[in-house]
Amino acid sequence: MMECLDPVVFFLSGALITGGALFLWAQTRRRTAYGRYVSAEGRCCPARLGWFLQEVPAFLLPLLLLLLTGGAGGAGGAGGAGGTGRTLLLCTFMLHYFHRSFIYALRTRGRPVPLTTVLYAAIFCSLNGFLQGHHLLHCARFDHTWLSRARMAAGSLLFVVGLSINIHSDLILRRLREPGEVVYRIPHGGMFHFVSGANFFGEIVEWSGYAIASWSLPTFAFAFFTVCSIGPRAFHHHRYLSVCLLHHHRYQTRS
Ligand SMILES: NC(=O)c1ccc[n+]([C@@H]2O[C@H](COP(=O)([O-])OP(=O)(O)OC[C@H]3O[C@@H](n4cnc5c(N)ncnc54)[C@H](OP(=O)(O)O)[C@@H]3O)[C@@H](O)[C@H]2O)c1
């Protein structure tokens, strides 16, 4: 059983909040260079390998913590229902990253990812994977009150709804292309009926639900970072799609 490293948890959560705010500010000045916004000259990694390498640490680190440090006891040694709730919450986090690393990554039809993006994302996923895993397994305390149970139920429901929207919307995007094609088309169906950045919307709902269910600084910090990171992406894609619609034609990019 590992001791709770409170200063580390506090520092990493603060870094997520500060980093998120700075990233948001940077994206109001310049779009993140990836996908359709990346220049052809930069050094890139094939999309499947890049997504796998950058996302898999967020699955492996919590898994290792779970297996090696036997976290079901949690802070204060509260086992039983609290320990099970903790483990289940961590499993929802790992489920997302299992899907992202082993299913999304291996099926994507996206453009190559800049090497710097892969590197920064891998560092982010490693630190965040450790933070969420360590906090849930070794630090979090859960009260057995109706309020905490209601939060857990509502948050878990939001998480599942968000995850479903995210996966379904990414599937719609993938089906816009034939294998080997690099074109941009207007997505239809599912949540794209209501919002142009449906996959981002799903991810924001998902991590907001996770934060509500766990009700802790690290999970709120991660949800905040997600909004700051992909909120501007959704806005930039919306503007891009608006131009497509304005010109009433399909955008074909170089392959
Ligand atoms: N939690 C976080 O902080 C965080 C950060 C980043 C991403 N994510 C998640 O990771 C997933 C992917 O993110 P992303 O930024 O790469 O999403 P994205 O820009 O929407 O792209 C998703 C995939 O669909 C393709 N695509 C997008 N729009 C298309 C269109 N109009 N026509 C044809 N293909 C299209 C992209 O191809 P190209 O690559 O060729 O453009 C890419 O392969 C999302 O679910 C997102 O929520 C989460």
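UniProt, in an unreviewed entry, places the feature "transmembrane region" at residues 6-26, 58-81, 87-106, 113-132, 152-173, 182-201 and 207-230. These spans can be followed in the structure shown here, which is a predicted model. The protein averages a pLDDT of 90, and 91% of the residues score at least 70. Among the elements, helix α6 (residues 198-214) has the highest mean pLDDT, 98, whereas strand β4 (residues 251-252) has the lowest, 54.

Two of the annotated spans may be examined first. Over residues 152-173 the chain is 100% helix and 0% strand, with end C-alpha atoms 31 Å apart. Over residues 113-132 the chain is 90% helix and 10% strand, and here the end C-alpha atoms are 26 Å apart. The same UniProt entry type, unreviewed, also supplies the feature "domain: 3-oxo-5-alpha-steroid 4-dehydrogenase C-terminal", placed at residues 112-241. That span is 74% helix and 3% strand, and its end C-alpha atoms lie 21 Å apart.

The path along the chain may begin with helix α1, which covers residues 6-29. At 1.5 Å a residue, its 24 residues should span 34 Å; the end C-alpha atoms are 35 Å apart, so the two values agree. Within α1, the residues V9, L12, S13, L16 and G20 are buried. The elements that cover these buried residues include α4 (115-139) and α7.

Other positions of α1 have different surroundings. G14 is found in this helix, and G14 counts as exposed because it has 12 C-beta neighbours inside 10 Å, where 12 or fewer is the criterion. From C-alpha to C-alpha, G14 is 14 Å from H135, a residue 121 places away in sequence. F23 also lies in α1. With 15 other C-beta atoms within 10 Å, F23 is partly exposed. Apart from its neighbours within four places in sequence, F23 is in contact with C228 and S229. F98, by comparison, is 75 residues from F23 along the chain, and the C-alpha atoms of the two are separated by 25 Å.

Helix α3 (residues 80-107) contains A105. This residue, A105, counts as buried because 20 C-beta neighbours lie inside 10 Å, and 20 or more is the requirement. Leaving aside neighbours within four places in sequence, A105 is in contact with R48, W51, F52, E55 and R100. One of these, R48, is 57 residues from A105 along the chain, yet the C-alpha atoms of the pair are separated by 4.9 Å.

Further along is R185, in the loop between β3 (183-184) and α6. R185 has 15 other C-beta atoms within 10 Å and is therefore partly exposed. In space, R185 and T32 are 20 Å apart, C-alpha to C-alpha, with their positions 153 residues apart in sequence.

Helix α6 comes after this loop. It has 17 residues and reaches 24 Å from its first C-alpha to its last, close to the 24 Å expected at 1.5 Å a residue. Is this helix enclosed or exposed? Of the 17 residues of α6, 17 are buried, so the helix is largely enclosed by the rest of the structure.

W215 follows α6 and lies in the loop between α6 and α7. Its phi is near 50°, a positive value in a residue other than glycine. W215 counts as partly exposed because it has 16 C-beta neighbours inside 10 Å.

The ligand brings several of these elements together. Which residues come nearest to the ligand? Of the 22 residues around it, these are G35, G110, R111, L173 and E203. The elements that give two or more residues to this shell are α5 (146-174), α6 and α7 (217-247). Helix α7 gives the most, with four residues. By class, the shell has seven nonpolar, seven polar and eight charged residues.

Taken together, α6 and α7 appear in more than one part of this account. Helix α6, whose residues are buried, gives two or more residues to the shell around the ligand. Helix α7 is among the elements that cover the buried residues of α1, and α7 also gives the most to the shell.

Methods: Residues numbered from 1 in each chain as written. Predicted model: local features only at pLDDT ≥ 70, side-chain atom pairs only at ≥ 80, totals over all residues. pLDDT = per-residue confidence, 0-100. Near = placed C-beta within 6 Å. Nonpolar A, V, L, I, M, F, W, Y, C, P; charged D, E, K, R; others polar. UniProt positions renumbered as here; feature names shortened; annotations may be inferred. Expected span 1.5 Å × (residues − 1). Contact = placed C-beta atoms within 7 Å.
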